[in-house]
Amino acid sequence: MNIDLSGKRALVTASTGGIGYSIAKGLAQAGATLVLNGRGNKSVSEAVTRLQAEVPGASVSGVAADLSNAQGADALVSAAGMVDVLVNNAGIYGMQDFFETGDDVWDQYWATNVMSGVRLSRALLPAMVEKGWGRVVFISSESGLNIPVDMIHYGLSKTAQLALSRGLAKRVAGSGVTVNSVLPGPTLSDGVAGMLQAEVECTGKPVEEVAADFVKEHRPTSIIQRVATTEEVANMVVYVCSPQASATTGAALRVDGGVVDDIV
Ligand code: NAD
């Protein structure tokens, strides 16, 4: 299967690193024009330069905007203009016990993980519908199905994304626009590597080995028994953004290494 996204303009939020950068790279390799996003001008311009170097000939621009608030989302929409593909990847995570999680943290997770996608979809979906083609993807998580006991606030935000994605798919029914969620399992992104850094320094083991130990201890149902790479997650997203994926909509697609112990 050859995926050709030439002529398509794609916006991937939070794409200066981690899963978002790999998705942007995969879409650029398929020929799409990319708009990258991160919070700082420096990280955005570095990511643009890196992507142009890694995918020669790629058309890439970037917009610095903090998507945890409405002003940031508005600024991104104005600067990005019309897009054919929107990947709502921006998301924060971290462990915190429920009884120590105050309203400020709950608000921050809701704003960043859910409202960013609400605002961008509301602004950018209508033009896709008018055009009769578009792809919206929410990067949710297996934690939206297996609510982690030490990250209930995060799990809730990821379940909310599934509801949003399914609802939007139905809202634009018959338009040629698909809306889906992709659910990664533990994935060795920059953020996760940072979380494991102390253990890497303490044990002297390579980060992949520390990550595999983490999976065995905290996600014992993992069938692959290791973290996924960001490219493995990106491959699913690139497919779901492709013309070939036109009959897949309203779906929750797992790239979780089998962590969710369920057949469907
Ligand atoms: P990461 O921490 O490695 O990278 C996140 C990027 O988001 C960074 O470039 C950062 O600058 C940017 N960012 C953070 N807050 C932002 C904001 N308010 N506005 C704009 N940009 C912002 O993250 P990751 O691990 O690649 O995760 C990406 C997505 O995948 C998240 O939605 C996360 O919940 C989801 N996910 C990750 C994993 C995993 O194991 N890594 C598993 C399941 C789901």
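Which side chain meets that of K25 in a salt bridge? In this predicted model, the partner is E54, with N and O 3.3 Å apart. Let's start from this pair and see what surrounds it.

## A link between two helices

K25 sits in helix α1 and E54 in helix α2, so their salt bridge ties together parts that are 29 residues apart in sequence. If you follow the chain in the structure above, you can find α1 at residues 18-29 and α2 at residues 41-54.

How exposed are the two partners? K25 has a relative accessibility of 24%, so it counts as partly exposed. E54 is partly exposed too, because its relative accessible area is 33%. For both, it helps to know that the partly exposed class begins where buried ends, at 20%, and stops at 50%.

## A second partner for E54

E54 also meets R50 in a salt bridge, this time with an N to O distance of 3.2 Å. R50 and E54 both belong to helix α2, where they are four residues apart, or about one turn of the helix. With a relative accessibility of 40%, R50 counts as partly exposed.

Elsewhere, K205 forms a salt bridge with D213, and their closest N and O atoms are 2.8 Å apart. K205 is partly exposed at 30%, and D213 is partly exposed at 33%. Back at our starting point, salt bridges with shared partners join K25, R50 and E54 into one network. The whole structure holds eight salt bridges, including those described here.

## The pocket beside the network

Where else do K25, R50 and E54 turn up? They are among the residues that line the second largest pocket. Other residues in this lining include Y21, S22, G26 and Q29, as well as E231, A234, N235 and V238. The space in this pocket comes to about 190 Å³.

Which elements give two or more residues to the lining? They are α1, α2 and α8, the last of these spanning residues 230-240. Helix α1 provides the largest share, with five residues.

What is the chemical mix of this lining? Three of its residues are nonpolar, four are polar and four are charged. K25, R50 and E54 are among the charged ones, and these three residues also form the salt-bridge network.

How values were computed: Residues are numbered from 1 along each chain as its sequence is written. This is a predicted model: local features need pLDDT of at least 70, side-chain atom pairs count only at pLDDT 80 or more; totals for chains, interfaces and linings use all residues. Side-chain values use heavy atoms; hydrogens and water are left out. On a 1 Å grid over the protein atoms alone, a cavity is a set of points where a 1.4 Å probe fits but cannot get out, and a pocket is an open set with protein on both sides within 12 Å along at least five of seven lines; lining residues have an atom within 4 Å of a point. Grid points are joined across faces, edges and corners, and a volume is the space filled by probe spheres set on the points. A salt bridge is a side-chain nitrogen of Lys or Arg within 4 Å of a carboxyl oxygen of Asp or Glu. Buried means under 20% relative accessible area, exposed over 50%, partly exposed in between (1.4 Å probe, protein chains only).
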